[in-house]
Amino acid sequence: RGKRAFVAGAADDNGYGWAIAKSLAAAGAEILLGTWVPALNIFETSLRHGKFDESRVLPDGSLMVITKVYPLDVVYDNPEDVPEEIKTNKRYAGCSKWTVLEVAESVKEDFGSIDILVHSLANGPEVTKPLLETSRNGYLAAVSASSYSFVSLLKHFVPIMRPGGSSVSLTYIASEKIIPGYGGGMSSVKAALESDTRVLAFKAGRKHKIRVNTISAGPLRSPAAKVIGFIDMMIDYSLENAPLQKELTADEVGNTAAFLVSPLASAITGAVIYVDNGLNAMGVGV
Ligand code: NAI
């Protein structure tokens with residue numbers, strides 16, 4: 001059979017998750033999505049009504065097939081972790097089996113195994129606050145949703161990943177350089193994610209022959225980025241200062257993800273790969 005991918009973090013057709021799913025589908029992979037519970041209803045309705053059909057078109061003219069969409073909230077590992085107010089929240093009540101453990105179990109039940117795991121999600125409730133003004137709860141919530149979520153996903157999916165499998169996540173240069181405006185602990189979150197990429201690559205590689213990489217992506221006008229508020233400025237800054245003076249497309253990140261999880265990248269693991277028109281290489285803007 002061809003490869004099967006589980007892509008966590010697509011709730012519409014504007015973010016990196018969707019673009020990665022498309023590039024993987026174009027390369028022949030079967031696509032399973034994990035979509036945030038509160039966003040699931042609107043996503044599935046839009047999908048059913050053909051709202052995404054234009055953006056489902058693959059290079060060969062066919063439409064990307066999404067075999068199954070799983071409700072997912074990466075902040076909870078298992079049902080025992082879910083507090084009462086979430087269980088009874090009306091956006092969650094109509095859904096079941098959306099903790100990380102249960103989603104991995106459902107995928108196993110439905111399909112047996114996967115080859116590719118994609119983490120394309122982040123959430124920092126205080127992202128618009130500078131780190132110096134961030135609360136403990138805001139910081140910890142950002143780490144939980146955006147970095148530990150990768151540890152948890154990999155931990156729960158590794159048992160059903162076939163040897164030679166591969167995983168990829170999305171990071172941002174704010175982990176290593178000061179990016180004013182990327183607050184709420186999100187810079188710390190990305191530093192953790194990059195460090196974890198190296199550490200997880202070790203055990204996953206030794207024990208399971210699975211590769212772990214992360215893509216440090218340039219700015220994209222995604223739903224999450226619009227919440228941060230400075231995305232247009234970052235895009236303009238990149239256009240002005242990067243070696244390649246063009247807007248970055250989500251497809252360019254998607255294609256890199258498809259390369260990284262393919263046999264073409266069979267010796268690449270524990271790596272941070274920049275897909276940012278080269279902006280990271282600049283010392284000063286000119
Ligand atoms: P996006 O809004 O398309 O993706 C974020 C996704 O995370 C959404 O689908 C949201 O529903 C999901 N999500 C949030 N909390 C969740 C939870 N608890 N459980 C399950 N899903 C949850 O935005 P984007 O920008 O495509 O983000 C994808 C990744 O790319 C993130 O890791 C982000 O930090 C990273 N990135 C984005 C850049 C940008 O300029 N847009 C630049 C560099 C990295």
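**Notebook: V168, helix 5 and the cavity**

I began with V168, which I found in strand 5, the run of residues 161–171. The model is a predicted one, and I kept that in mind for each entry below.

I then asked whether V168 is buried or exposed. Its relative accessible area comes out at 0%, and because buried means under 20%, V168 counts as buried.

Next I looked up which residues V168 touches once those up to four places away in sequence are set aside. The list holds L117, V118 and H119, then N213, T214 and I215, and finally A257, L260 and V261. I also took one separation from this part of the model: V168 and G28 lie 140 residues apart along the chain, and their C-alpha atoms are separated by 17 Å.

I turned to helix 5, residues 100–111, and checked its length against expectation. At 1.5 Å a residue its 12 residues should span 16 Å, and since the C-alpha atoms at its two ends are 16 Å apart, the expected and computed values agree.

Which residues of helix 5 are buried? I noted V100, E102, V103, A104, S106 and V107. As a reminder to myself, an α-helix has 3.6 residues a turn, so residues three or four places apart point the same way. When I asked what covers the buried residues of helix 5, the answer included strand 1 (4–8), strand 2 (30–36), strand 3 (66–72) and strand 4 (114–119), together with helix 6 (136–157). Just after helix 5 comes G112, and I recorded a positive phi for this glycine, near 85 degrees.

I searched for enclosed space and found 1 cavity of 30 Å³ or more in the structure. The largest cavity contains about 60 Å³ of space. Its lining is made up of G218, P219, I235, S238, L239, K246, E247, L248, D276 and N277, and sorting that lining by class gave me 4 nonpolar, 3 polar and 3 charged residues.

Last, I recorded the overall figures. The protein has 10 helices and 7 strands. Its radius of gyration is 18 Å, close to the 19 Å that the globule rule gives for 286 residues, so I wrote the protein down as being as compact as a globular protein of that length. The C-alpha trace spans about 55 × 45 × 45 Å along its principal axes. Of the 286 residues, 52% count as buried, and among the contacts between residues at least 6 apart in sequence, 77% join residues at least 24 apart.

Methods. Residues are numbered from 1 along each chain as its sequence is written. This is a predicted model: local features need pLDDT of at least 70, side-chain atom pairs count only at pLDDT 80 or more; totals for chains, interfaces and linings use all residues. Side-chain values use heavy atoms; hydrogens and water are left out. On a 1 Å grid over the protein atoms alone, a cavity is a set of points where a 1.4 Å probe fits but cannot get out, and a pocket is an open set with protein on both sides within 12 Å along at least five of seven lines; lining residues have an atom within 4 Å of a point. Grid points are joined across faces, edges and corners, and a volume is the space filled by probe spheres set on the points. Ala, Val, Leu, Ile, Met, Phe, Trp, Tyr, Cys and Pro count as nonpolar, Asp, Glu, Lys and Arg as charged, and the others, Gly among them, as polar. Helices (H or I, at least four residues) and strands (E, at least two) are DSSP runs, numbered from the N terminus. The expected span of a helix is 1.5 Å times one less than its number of residues. Buried means under 20% relative accessible area, exposed over 50%, partly exposed in between (1.4 Å probe, protein chains only). Contact means heavy atoms within 4.5 Å. The radius of gyration is taken over C-alpha atoms; the globule rule is 2.2 Å times the number of residues to the power 0.38.
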